[in-house]
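Morning, everyone. I have one structure to walk you through today. Let's put it on the screen.

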Amino acid sequence: MAAQTDGWAGRVRDGPFARLRDRLAGWRNRLVESQRFQRFAADLPVVRRVAGRHASDLFDLCAGFVYSQILLAGVRLRLFDAVAGEPLALDALASRLGLEPEPTARLADASVALGLLERRPDGRYGLGLLGAALRGNPGLQRMIEHHALFYRDLADPVALLRAPPGGTELARFWPYADGPGTETHPAAAYSELMASTVGFVDGDALDAYDFGRHRRVLDVGGGTGGFLAALAARHPTLDLVLFDLPPVARLAAARFAELGLGHRARVAAGDFRSDPLPAGADLITLVRILHDHPDAIVLTLLRAARAALEPGGRLLVAEPLARTPGAERMGDAYFGFYLMAMGRGRPRSADAVGRLMVAAGFTDIRRHPTRRPMLVSLLSAAADTKAATERK
Ligand SMILES: C[S@@+](CC[C@H](N)C(=O)[O-])C[C@H]1O[C@@H](n2cnc3c(N)ncnc32)[C@H](O)[C@@H]1O
């Protein structure tokens, strides 16, 4: 795995096959660019559906920011809660939202078009399938609210691409991603956001990897302990250790005490860029950690993890990965830009993470299929203790 390039394109960059492919793609693109061809394709029964889908995809790319802001308005006005109990007529909905009837109709009709609401035969508005899924996911609603910050950073996307990291709304929200990030940095806001969204990953990760074969788990960058708390509930005999920056570690200790987990969950404070990790674990987990940091910090962290692991121990990385088939929009587009606005991190492909693992002395890298790779993928690796001993 380590020797692989990032996918097919990397392996055939040069050579006659690559040139032929470029020529074919060039011919196709010239055809699709022509207005005449577009009209022809829209009229031709065989390709009409494909042409229609492409036109609709392109329109969605143009209009995506409008859809997102309609969603934000719905979340802020609690539109989906308003119609969850029973469908409401326009006037009743307007008074629930505190809006005039005309803008209420504008928002409700837009939400129907987006699948968030449904228009019932008698004209009342009820919850749609997507609205129901959203209501059942408070973490997603928190993310939608949080996107108001990201939206400001995206107002001038070319400036964002040209600027050095830092100075953005997201860099201020995630101070560790761009600065020294120690004792004094404000951790409560991002820790609260992480705690409310850890449900995106914990269930799928717990189902995809056999944690029962381990004795002690160290969760590095464990936040306020949401992942370890879910692990504790599923595996009652596991010993748990959480490592995070001091202000977050304090929040985690309080949370474990509140949950009655104090006897089996220990908290250690430190900075993985400079401090050793607590020893004694036979599994180290990195949940939504690596993508926040540039390669140099990731290598430091992976080496620290290898040094801390017990002989025969494993490392488990859980995060959304780039170049994941079917999840490219999330991994490469959404996280690509989110992490750029945040600081120096980036989404990595499984190959890229694997290469860093190998460079840090790990072997036997495996990918564990998850239910929703859009939200989380899992990679595990063995601490290569023989190689580590030789290096000493
Ligand atoms: C994106 S959050 C993920 C939290 C948790 N693993 C989760 O998935 O909910 C990243 C975590 O890494 C911690 N962190 C960032 N830089 C760190 C460092 N240098 N040393 C220790 N922890 C760090 C942050 O405080 C934060 O809790």
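Start with the contacts. Take those with a separation of 6 or more in the chain: residues 24 or more positions apart account for 67% of them. Keep in mind that this is a predicted model.

Now the overall picture. The chain has 392 residues, and 33% of them are buried. Its C-alpha atoms fill a box of roughly 70 × 65 × 40 Å along the principal axes. As for secondary structure, there are 19 helices and nine strands.

Next, the interior. How many residues are in the largest nonpolar core? It has 70. The residues with the most contacts inside this core are Leu 218, Val 220, Ile 284, Ala 305 and Leu 315. Helix H16, residues 295–308, gives the most to the core, with six residues.

Stay with Leu 218 for a moment. Set aside its neighbours within four places in sequence. Leu 218 is then in contact with Val 241 and Phe 243. Its other contacts are Leu 277, Pro 278, Ala 281, Ile 284 and Ala 308. Apart from this core lies another, of twelve residues. Among them are Phe 80, Val 83, Leu 93 and Leu 97.

On to helix packing. I'll take two pairs, and H7 is in both.

The first pair is H4, residues 45–76, with H7, residues 101–113. The two pack at an angle of about 120°, and their axes are 10 Å apart. So H4 is oblique to H7. The crossing of H4 past H7 is left-handed. Which residues meet there? From H4, they are Ile 70, Ala 73 and Gly 74. From H7, they are Leu 107, Ala 110 and Ser 111. By type, this contact of H4 with H7 has four nonpolar residues, two polar and no charged.

The second pair is H6, residues 90–97, with H7 again. Here the angle is about 100°, and the axes are 9 Å apart. So H6 is roughly perpendicular to H7. On the H6 side, the contact is made by Leu 90, Asp 91, Leu 93, Ala 94 and Leu 97. On the H7 side, look for Pro 101, Thr 104, Ala 105 and Ala 108. The residues of this contact of H6 with H7 divide into seven nonpolar, one polar and one charged. Two names from the second core come back here: Leu 93 and Leu 97.

Now a few single residues. Ala 25 lies in helix H2, residues 16–33. Is Ala 25 buried or exposed? It counts as exposed, because it has 10 C-beta neighbours inside 10 Å. Follow the chain 31 residues from Ala 25 and you reach Ser 56. The C-alpha atoms of Ala 25 and Ser 56 are separated by 21 Å.

Last, two backbone angles. Arg 323 is not a glycine, but its phi is positive, near 55°. Where is Arg 323? It is in the loop between strand E7, 314–319, and helix H17, 328–342. Arg 323 has 17 C-beta neighbours inside 10 Å, so it counts as partly exposed.

Asp 364 also has a positive phi, about 50°, and is not a glycine either. Asp 364 is found in strand E8, residues 362–368. With 12 C-beta neighbours inside 10 Å, Asp 364 counts as exposed.

That's my tour. Over to you.

Technical notes. Residues numbered from 1 in each chain as written. Predicted model: local features only at pLDDT ≥ 70, side-chain atom pairs only at ≥ 80, totals over all residues. Axes fitted to C-alpha atoms, helices over the stretch in contact; angles between N-to-C directions. Helix = DSSP H or I, 4+ residues; strand = E, 2+ residues; numbered from the N terminus. Parallel < 35°, antiparallel > 145°, perpendicular 65-115°, else oblique. Left-handed = near helix turned anticlockwise from the far one by under 90°. Contact = placed C-beta atoms within 7 Å. Nonpolar A, V, L, I, M, F, W, Y, C, P; charged D, E, K, R; others polar. Core = buried A, V, L, I, M, F, W, Y, C linked by C-beta atoms within 7 Å. Buried ≥ 20, exposed ≤ 12 C-beta atoms within 10 Å, placed from the backbone.
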